[in-house]
Amino acid sequence: MSMLKLSGEAVDGLLCDALGRAERMADLHRDLAGVLSAGAVLRRDEPMSRRTTLRVGGPADVYVEPATEGDLGEALGLAMAHGVPVFVLGRGSNLLVRDGGLRALVVSLAQPAFARVERVEGRLRCGAGASLRQVALAARDAGLTGLEFLEGIPGSVGGALRMNAGAMGGWMFDVVETLRFMDAQGVVQEVPGAEAGAGYRECPMLRTHVALGAVLKGSPAGRAEIEARLADSNRKRWTSQPKQPSAGCTFKNPRPDLPAGRLIDELGLKGLRVGDAMVSDVHANFFVNLGRATAADVLELVRQVRERARLERGVELEAEVEIVGEEATAP
Ligand code: EPU
């Protein structure tokens with residue numbers, strides 16, 4: 001899962017007086033209510049702690065689940081007209097929203113029109129809102145191997161495209177035949193996956209465009225073979241990754257031969273705690289929420305671990321989790 005900025009305006013540095021902002025958000029909400037189709041969801045002040053796997057984060061000013069591509073185009077157009085930044089949310093599994101929340105229109109493609117997985121000529125056409133697990137199981141049912149690694153990633157197709165998600169040696173863009181997306185003007189295009197410019201944990205064009213879905217490819221194989229691979233991926237994940245709420249890997253691996261998890265483990269930091277945020281004792285690159293963690297707790301843990309890696313190993317750890325939103329203001 002992942003969020004992206006569509007407008008050039010940085011949410012973190014958004015300089016506007018609170019009143020002007022409240023008015024813009026209210027206007028945007030009113031205008032959206034007037035154009036969205038019946039199945040769409042529209043809310044004010046939606047807590048992001050409910051929409052992220054780490055279970056922290058303050059409210060999004062306006063939250064929308066379009067029911068159709070037409071709704072999505074309208075939402076992007078209205079946000080631009082009102083000068084409101086747009087973030088696209090996947091399953092929130094790679095996301096840390098600060099406690100003050102997001103001064104933005106948050107768009108989730110969770111409605112059925114965006115979440116279909118269809119079989120087309122030995123391939124799968126997948127909507128951005130489909131879960132990766134759903135895709136892995138559809139590939140099994142279609143007799144396609146090569147997509148088993150997706151089963152273990154707790155994200156959506158859209159988030160996996162945005163982040164070029166990877167696990168168990170596989171990468172999202174290895175299996176993307178074509179990518180379908182919408183630009184900020186609501187225009188839909190489809191390009192070959194190889195032309196999308198994806199790299200390690202990144203597909204830069206999806207910072208400014210909304211992924212609508214992708215055609216994914218695999219190779220024909222027998223069901224037993226595919227099921228064995230799914231079971232293998234599942235077993236590896238359950239034995240090497242924690243079960244508590246987390247946002248997956250916190251840091252990028254600094255080098256292929258230096259996984260962040262091993263480095264943090266070697267520094268003796270498993271179990272390090274700030275409030276209810278803790279460096280997992282199963283996998284040191286996962287920071288888990290023991291129940292009542294705040295985003296501030298998690299960010300303080302991130303700061304402490306980065307400092308130790310810098311001072312003791314000379315390594316600059318870079319966040320892999322996407323960190324967005326405003327700090328909470330003092331009561
Ligand atoms: N290791 C330790 N201690 C730990 C954790 C790991 O010594 O606490 C060692 C492992 O024993 C292994 C090495 O570090 O020798 C690498 O660990 P692992 O196989 O778990 O892979 P990783 O590089 O830590 C990457 C992805 C994961 C993905 C796994 C499985 C990144 C940043 N992480 O982890 O992706 O699930 O491979 O393929 O590239 C994510 O992106 O959120 C994520 C979890």
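Are Glu 320 and Arg 201 buried or exposed? Keep that pair in mind while we walk through the structure, which is a predicted model. Both Glu 320 and Arg 201 turn out to be buried, and their side chains meet in a salt bridge, with 2.7 Å from N to O. The pair links distant parts of the chain, 119 residues apart. Glu 320 sits in the loop between α7 (295–313) and β19 (322–324), while Arg 201 belongs to the loop between β12 and β13.

Stay with Arg 201 for a moment. The loop that holds Arg 201 runs between β12 (188–192) and β13 (210–217). Arg 201 has a relative accessible area of 15%, under the 20% cut-off, so Arg 201 counts as buried. Its backbone is worth a look too: Arg 201 has a positive phi of about 55°, although it is not a glycine. As background, most residues other than glycine have a negative phi.

Asp 45 is another non-glycine residue with a positive phi, this one about 50°. Asp 45 is found in strand β1 (residues 41–47). Its relative accessible area is 45%, so Asp 45 is partly exposed.

Now step back to the domains. The domain assignment splits the protein into domain 1 (11–112), domain 2 (115–225) and domain 3 (244–324). Let's look at how domain 1 and domain 3 meet. Their C-alpha centres lie 28 Å apart, and 14 residues of domain 1 are in contact with 18 residues of domain 3. The size of an interface is often given as the accessible area lost when the parts come together. For domain 1 and domain 3, the buried area is about 1400 Å², with 60% of it on carbon and sulfur atoms. On the domain 1 side, Leu 54, Asn 94 and Leu 96 supply 45% of the area buried against domain 3, more than any other three residues.

What does the rule find across the interface of domain 1 and domain 3 in the way of salt bridges? It finds zero. Polar contacts are another matter: ten residue pairs are in polar contact across the interface of domain 1 and domain 3, both residues at pLDDT 80 or more. Strand β4 (residues 95–97) gives the largest share of the side of domain 1 that touches domain 3, namely three residues. By residue type, that side of domain 1 divides into seven nonpolar, three polar and four charged residues.

Back to charge pairs, this time over the whole structure, which holds 33 salt bridges. Side chains of opposite charge can pair when their charged atoms come close. One of the pairs is Glu 46 with Arg 51, whose side chains meet at 2.8 Å, N to O. Glu 46 has a relative accessible area of 2%, so Glu 46 is buried. Its partner Arg 51 has a relative accessible area of 24%, which makes Arg 51 partly exposed.

Another salt bridge joins the side chains of Arg 125 and Glu 190, at 3.6 Å from N to O. Arg 125 lies in strand β7 and Glu 190 in strand β12, so this pair ties together parts that are 65 residues apart in sequence. Arg 125 counts as partly exposed because its relative accessibility is 32%, and Glu 190 is partly exposed as well, with a relative accessible area of 37%. Salt bridges can also join up: Arg 21, Asp 61, Arg 103 and Glu 326 are linked in a network of them.

Two more residues round off the tour. Ser 131 has its place in the loop between β7 (123–127) and α3 (132–141). At 12% relative accessibility, Ser 131 counts as buried. A polar atom of the Ser 131 side chain lies 3.0 Å from the backbone nitrogen of Gln 134. Leaving aside neighbours within four places in sequence, Ser 131 is in contact with Arg 91, Gly 155 and Ser 156.

Ala 22, finally, belongs to helix α1 (residues 18–35). Its relative accessibility is 37%, so Ala 22 counts as partly exposed. If you want a sense of distance, try Ala 22 and Lys 217: they are 195 residues apart in sequence and 45 Å apart in space, C-alpha to C-alpha.

How values were computed. Residues are numbered from 1 along each chain as its sequence is written. This is a predicted model: local features need pLDDT of at least 70, side-chain atom pairs count only at pLDDT 80 or more; totals for chains, interfaces and linings use all residues. Side-chain values use heavy atoms; hydrogens and water are left out. Domain bounds come from an automatic or database domain assignment. Contact means heavy atoms within 4.5 Å. Buried area is the accessible area (1.4 Å probe) that two parts lose on being put together, summed over both. A salt bridge is a side-chain nitrogen of Lys or Arg within 4 Å of a carboxyl oxygen of Asp or Glu. A polar contact is a pair of N or O atoms within 3.5 Å; within protein, one must be able to donate a hydrogen and the other to accept it, and residues adjacent in sequence count only if both atoms are side-chain atoms. Helices (H or I, at least four residues) and strands (E, at least two) are DSSP runs, numbered from the N terminus. Ala, Val, Leu, Ile, Met, Phe, Trp, Tyr, Cys and Pro count as nonpolar, Asp, Glu, Lys and Arg as charged, and the others, Gly among them, as polar. Buried means under 20% relative accessible area, exposed over 50%, partly exposed in between (1.4 Å probe, protein chains only).
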